[in-house]
Amino acid sequence: LATHFLNGRFGVLVTGQPQLTPTELRRSDIGSELRKLWLDARLLVIRGLVGLSADDLLELSRHFGPVGHVPAGRAHAKVAGTHVLRIGNVRDSSGRLISQPSSSKGNFLPESGSCQYRPADRLPVWHTDGTFKAVADAGTVLYCKTAPPEGGATCFADATAAWDALTPERQQELLPLECICSL
């Protein structure tokens, strides 16, 4: 696999030579290599994936650990018989929404680059997946089937680096605290 680190050692872009196929992504040797890259870089981006089925996505996900269930209240967006959740504006032939809409309205990331909570819209511009769970998932797998011609930006933050940047004293202050997710 050809790789390129994206931001220092946070994030790695993987390209297959030639492009990785769904069959290759199921191989344990490829999965082991991808998992190692993910553990080292904490963000794994694989460009050029085409034609992944829900089952292919699940098999890819299993290389990284146990696959969680679709949360209650989102059954309308679940791909039947899988643990896959559709996110976006996907509708069935009758026009019924069959995906979980993103939380964006209008220009998602303002020109200032600030990704803070937007009180006027009562929307977070950022979030961490699974904060409501007693044990959070190790990660999230996203697969874009159709990208918009513009917009659709997704930003990632390195929580490990943020923690490491804190002074030891501040880390000790924070260790006994418990976060309550209220979004």
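Here are four short exercises on the predicted model above, each with a worked solution.

Residues are numbered from 1 along each chain as its sequence is written. In this predicted model, local features need pLDDT of at least 70 and side-chain atom pairs count only at pLDDT 80 or more, while totals for chains, interfaces and linings use all residues; side-chain values use heavy atoms, with hydrogens and water left out.

**Exercise 1.** Work out in which order the elements of the protein chain run from the N terminus on.

*Solution.* Start with the inventory: five helices and three strands. Helices (H or I, at least four residues) and strands (E, at least two) are DSSP runs, numbered from the N terminus. Reading along the chain then gives β-β-α-α-β-α-α-α.

**Exercise 2.** Describe how strand S1 (residues 2-7) and S2 pair.

*Solution.* First, the sense: S1 and S2 are antiparallel, with five bridges. Two strands count as paired if DSSP finds at least two bridges between them. Next, pick a residue: Phe5 has Val12 in S2 as its bridge partner. Finally, look at the turn, where two residues sit between the strands of the hairpin and Gly8 has a positive phi near 65 degrees.

**Exercise 3.** Find which elements give two or more residues to the largest nonpolar core.

*Solution.* A nonpolar core is a set of buried Ala, Val, Leu, Ile, Met, Phe, Trp, Tyr and Cys residues joined through side-chain atoms within 4.5 Å; buried means under 20% relative accessible area, exposed over 50%, partly exposed in between (1.4 Å probe, protein chains only). The largest such core holds 19 residues, and Val14, Leu25, Leu34, Leu44, Ile46, Leu49 and Phe64 have the most contacts inside it. Its contributors of two or more residues are strand S2 (10-15), helix H2 (28-41), strand S3 (44-46) and H3. H2 gives the most, five residues. Now follow Phe64: leaving aside residues up to four places away in sequence, Phe64 touches Leu34, Arg35, Trp38 and Leu44, a contact being heavy atoms within 4.5 Å. To finish, turn to H3, whose buried residues are Asp56, Leu57, Leu58, Leu60 and Ser61. They pack against helix H1 (22-25) and H2.

**Exercise 4.** Decide whether Leu142 counts as buried or exposed.

*Solution.* Locate Leu142 first: it lies in the loop between helix H3 (54-62) and helix H4 (159-165). Its relative accessibility is 57%, so Leu142 counts as exposed. For contrast, 23% of the 183 residues of the protein chain count as buried.
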